[in-house]
Amino acid sequence: MKKVGIIGVGEYLPKKILTNADLEKMVDTSDEWITTRTGIKERRIASSQEATSDLATNAAKEALKDARLKPQDLDLIIIATITPDMQFPSTACLVQANLGAKNAVCFDISAACAGFVYAIIVAQQFIARGTYKNALVVGTEVLSSITDWEDRSTCVLFGDGAGAAVLSEVKSGGILSTYFGSDGSMANLLMMPAGGSRNPTTHKTIDKRLHYIKMEGNEIFKSAVKIMVDTAQIALKQAGLKCSDVDLVIPHQANVRIIMAMAKRLGLPSDRVFLNIEKYGNMSSASTATALCEAVKVGRIKKGDIILLDAFGAGLVWGACLIKW
Ligand SMILES: CC(C)(COP(=O)(O)OP(=O)(O)OC[C@H]1O[C@@H](n2cnc3c(N)ncnc32)[C@H](O)[C@@H]1OP(=O)(O)O)[C@@H](O)C(=O)NCCC(=O)NCCS
């Protein structure tokens, strides 16, 4: 088995900023409520010209440049998204065409907020076995397209963005361990009920606002902390490491209270937890992806550091990836 590492990262955030003050004018909410309950101050919103593949393409270009690779060097493109440009073809194929990555095999992964971690784990298998040399994975979402802007319990939480990573064989370090899991018995807690084969789009489904995110936030909150803690501990155990060995945790950015409760239970000081939720809200698969990219850019990750990616999301699904940078 070959060692697999991340050799380049990139991100793209749409220009438009929607602040909590803006939301106060749209629904019955307040900056105080959103800030204290979630940690979010503002989020980005894609323009009407920008689809999920456009965000992904921009993030991918930055990651390829960082990795010093050309699009033709890619053997595999995996896009993690729950907001594809359309039901088919895959967003990965659209990104392939945008990049001119004509040698790549392309497909999407639907694993909601854990999608970026899932995509890394899948890409790692191909590179470790020597099937492929270079893989691009992107977490990319235009959640604003499925957000009910009349539902204050969800619309304050989500945002748009994309983060990308290029994986390749590395001489030292790289991915030390991975762990992922799923529990479909809790699928009802977070979903978009219509627009698929269960409830195809009709006037009725639109009138009932079923093409928007529906979430039982409280119920998810109860499971989230335990899931993130257990996931981290399993990945650490597999690598023979302890929490104290971790230099930086890159958690999924759903709620700052979930993240801090997780850190407390793991015995991690807050300065070893990377946050970007304040600026972007919950961007599903793009949250861990952009957080990883930003942690690298601002120098919070140095060569030799032990990094833990830890995510959970609709499904429910969860996943962790321990990396020596
Ligand atoms: C959604 C979430 C922020 C709500 O926070 P909470 O502290 O659980 O709040 P509750 O849902 O209990 O609501 C408390 C009150 O605030 C109200 N409220 C909900 N949204 C509000 C908003 N945007 N502004 C003001 N008040 C709001 C509720 O109506 C409720 O009022 P009531 O007590 O009069 O009924 C929180 O449950 C959460 O983050 N859950 C996890 C969600 C998640 O991780 N999703 C993504 C998975 S990847």
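A molecule sits in a pocket if more than half of its atoms lie within 2 Å of the pocket's grid points. By that criterion, the ligand in this predicted model sits in the second largest pocket. Let's start there and work through what surrounds it.

First, the overall placement. Domain 1 (4–171) and domain 2 (176–324) both contribute residues to the shell around the ligand, so the ligand lies between the two.

Next, the secondary structure that builds this shell. At least two shell residues each come from helix H2 (31–38), helix H6 (152–155), helix H8 (217–239), helix H9 (256–266) and strand E12 (306–313). Of the shell as a whole, H8 gives the largest share, with four residues.

Now for the residues themselves. The ligand is surrounded by 24 residues, and the closest are Thr-29, Arg-37, Arg-152, Asn-218 and Asn-255. If you are thinking about chemical character, the shell breaks down into eleven nonpolar, nine polar and four charged residues.

Zooming in to the atoms, we can look at some polar pairs. The side chain of Thr-29 has an N or O atom 2.6 Å from a nitrogen atom of the ligand. Oxygen atoms of the ligand take part as well: one is 2.7 Å from an N or O atom in the side chain of Arg-37, and for the side chain of Trp-33 the distance from an N or O atom to a ligand oxygen is 3.3 Å. As for surface, the ligand taken alone exposes 970 Å², and the protein buries 73% of that.

How values were computed. Residues are numbered from 1 along each chain as its sequence is written. This is a predicted model: local features need pLDDT of at least 70, side-chain atom pairs count only at pLDDT 80 or more; totals for chains, interfaces and linings use all residues. Side-chain values use heavy atoms; hydrogens and water are left out. A residue is near a molecule or strand if one of its heavy atoms lies within 4 Å of it. A polar contact is a pair of N or O atoms within 3.5 Å; within protein, one must be able to donate a hydrogen and the other to accept it, and residues adjacent in sequence count only if both atoms are side-chain atoms. Accessible areas come from the Shrake-Rupley method with a 1.4 Å probe; for residues, only the protein chains shown count as cover. On a 1 Å grid over the protein atoms alone, a cavity is a set of points where a 1.4 Å probe fits but cannot get out, and a pocket is an open set with protein on both sides within 12 Å along at least five of seven lines; lining residues have an atom within 4 Å of a point. Ala, Val, Leu, Ile, Met, Phe, Trp, Tyr, Cys and Pro count as nonpolar, Asp, Glu, Lys and Arg as charged, and the others, Gly among them, as polar. Domain bounds come from an automatic or database domain assignment.
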